[in-house]
Amino acid sequence: MINRRHIRVKVMQSVYAMLQSHNDDIIREEKFLKHSILKMFDLYVLNLLLLVEVQKLAAKKIALSKKKILATKEDLAPNTKFIDNKIINSISESVSVESYMEVNSLKNWEFDDEYVKIIFDELQKSNLYKKYLDTVEDSFKVDKAFVIDFFKEIVAPNEKLAEYYEDKMISWVDDIPFVNTWVVKSLSKCKENKTFMLGTLYKDKDDEDFVANLFRKTVLKHKEFEADIEEKTPNWESDRIAEIDMILIKMSLTEFVHFPSIPTRVTINEYIEISKDYSTEKSSYFINGVLDKISKDFLKNKRIVKIGRGLL
């Protein structure tokens, strides 16, 4: 499921896009933001389906080998450990995966099967695959460990697959690492003799509402917050502050004022971490300093009023 940090990243990107384009259609941009997050679920399911399709390709190759005129003993009695893998079979038989695929017409691997072949070729060449096929133990534990390593070592790092995803949807560029982690967590949670169920996109309704509320309030209040930022950065003209830094600070102030259940320190820490990935080398120090000054001023003037968990 999507976490609060990635929600903040997605909101940051939408705020940036809206301010850069000088577009004031907040409803349209909010719809795009929500659509972008929904499409992350497609990416999550496509990765799971890729494992299934690679297994199907392996089964197809075994079936063809058996039909050879001069079939070897190995062709006639192949190692079926991979095509019998309990985790991948569980995904293949999952009603929730099949339903999502049908409803959302996720037929990528039917039309772009060359990527299935690329991943299967990489798998066949790997020591991971050879070691797995040679493993005598036939257990759910062994199957699970193999599938997790297969995804982490072969699927997730594959550059051609990443390029394919990026071509399909530009917003997936930043989503790929997060979704890869999500897939690994889902595989890790698989239980023996339990039906595989897709994870949920949001943890709860609060997280889903957080997307729209953070975006709307940041966009609607960003001019107001510029005055607060200028007051605490007297040696900086606003156009000298990196645009991403300015947006991250505005989003932080939005959380200070309009999200009473989020502790101030949590907000500051979250945006400092995001700045390390999306802004300049020194941005985290700059943002920390500005937010520390403004938070103290807001607390003094009672513009920050926290309740419940926000008091922690």
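This text leads through a predicted model, from its overall make-up to one helix crossing, one cavity, one pocket and a few single residues. Because the model is predicted, local features are reported only where pLDDT is at least 70 and side-chain atom pairs only at pLDDT 80 or more, whereas totals for chains, interfaces and linings use all residues. Residues are numbered from 1 along each chain as its sequence is written, and side-chain values use heavy atoms, with hydrogens and water left out.

The protein holds 15 helices and zero strands, where helices (H or I, at least four residues) and strands (E, at least two) are DSSP runs numbered from the N terminus. Taken along the principal axes, the C-alpha atoms fill a box of roughly 85 × 40 × 35 Å. Of the 312 residues, 47% count as buried, a word that here means under 20% relative accessible area, while exposed means over 50% and partly exposed lies in between (1.4 Å probe, protein chains only). Among contacts between residues at least 6 apart in sequence, 82% join residues at least 24 apart, with contact meaning heavy atoms within 4.5 Å.

One pairing of helices can be followed in detail. The axes of helix H1 (residues 4-21) and helix H12 (residues 205-232) come within 10 Å and cross at roughly 35°; such axes are lines fitted to C-alpha atoms, for helices over the stretch in contact, and the angles run from 0 to 180 degrees between N-to-C directions. The crossing of H1 and H12 is right-handed, in the sense that the near helix is turned clockwise from the far one by less than a right angle, an anticlockwise turn being left-handed. On the H1 side the contact is made by Arg4, Ile7, Arg8, Val11, Ser14, Val15, Met18 and Leu19, and on the H12 side by Asp206, Asp207, Phe210, Val211, Leu214, Phe215, Thr218, Val219 and His222. By class, the residues of this contact divide into 10 nonpolar, three polar and four charged, where Ala, Val, Leu, Ile, Met, Phe, Trp, Tyr, Cys and Pro count as nonpolar, Asp, Glu, Lys and Arg as charged, and the others, Gly among them, as polar.

Leu19, which belongs to helix H1, is partly exposed, with a relative accessible area of 27%. Leaving aside neighbours within four places in sequence, Leu19 is in contact with His222 and Ile247; Leu19 and His222 are 203 residues apart in sequence and 10.0 Å apart in space, C-alpha to C-alpha. In the loop between H1 and H2 lies His22, which counts as exposed at 71% relative accessibility. Most residues other than glycine have a negative phi, yet His22, although not a glycine, has a positive phi of about 55°. A positive phi, near 50°, is also found at Ser105, a residue in the loop between helix H5 (95-103) and helix H6 (108-111).

Inside the protein, a search of the whole structure finds one cavity of 30 Å³ or more. A cavity is a set of points on a 1 Å grid over the protein atoms alone where a 1.4 Å probe fits but cannot get out, whereas a pocket is an open set with protein on both sides within 12 Å along at least five of seven lines, and lining residues have an atom within 4 Å of a point. Grid points are joined across faces, edges and corners, and a volume is the space filled by probe spheres set on the points. The largest cavity encloses about 50 Å³ and is lined by Asn47, Val155, Ala156, Asn158, Leu161, Ala162, Tyr165, Ile176 and Asn180. Helix H10 (159-168) and helix H11 (172-188) each supply at least two of these lining residues, and the largest share, three residues, comes from H10. The lining divides into six nonpolar, three polar and no charged residues.

Asn47, one of the lining residues of the cavity, is found in helix H2 (residues 26-66) and counts as buried at 1% relative accessibility. Beyond neighbours within four places in sequence, Asn47 is in contact with Phe151, Val155, Leu161, Tyr165, Val179, Asn180 and Val183.

The largest pocket has a volume of about 500 Å³. Of the 24 residues that line this pocket, Lys185, Ser186, Lys189, Cys190 and Met197 lie nearest its centre. H11 gives the most to the lining, with five residues, and by class the lining has 10 nonpolar, eight polar and six charged residues.
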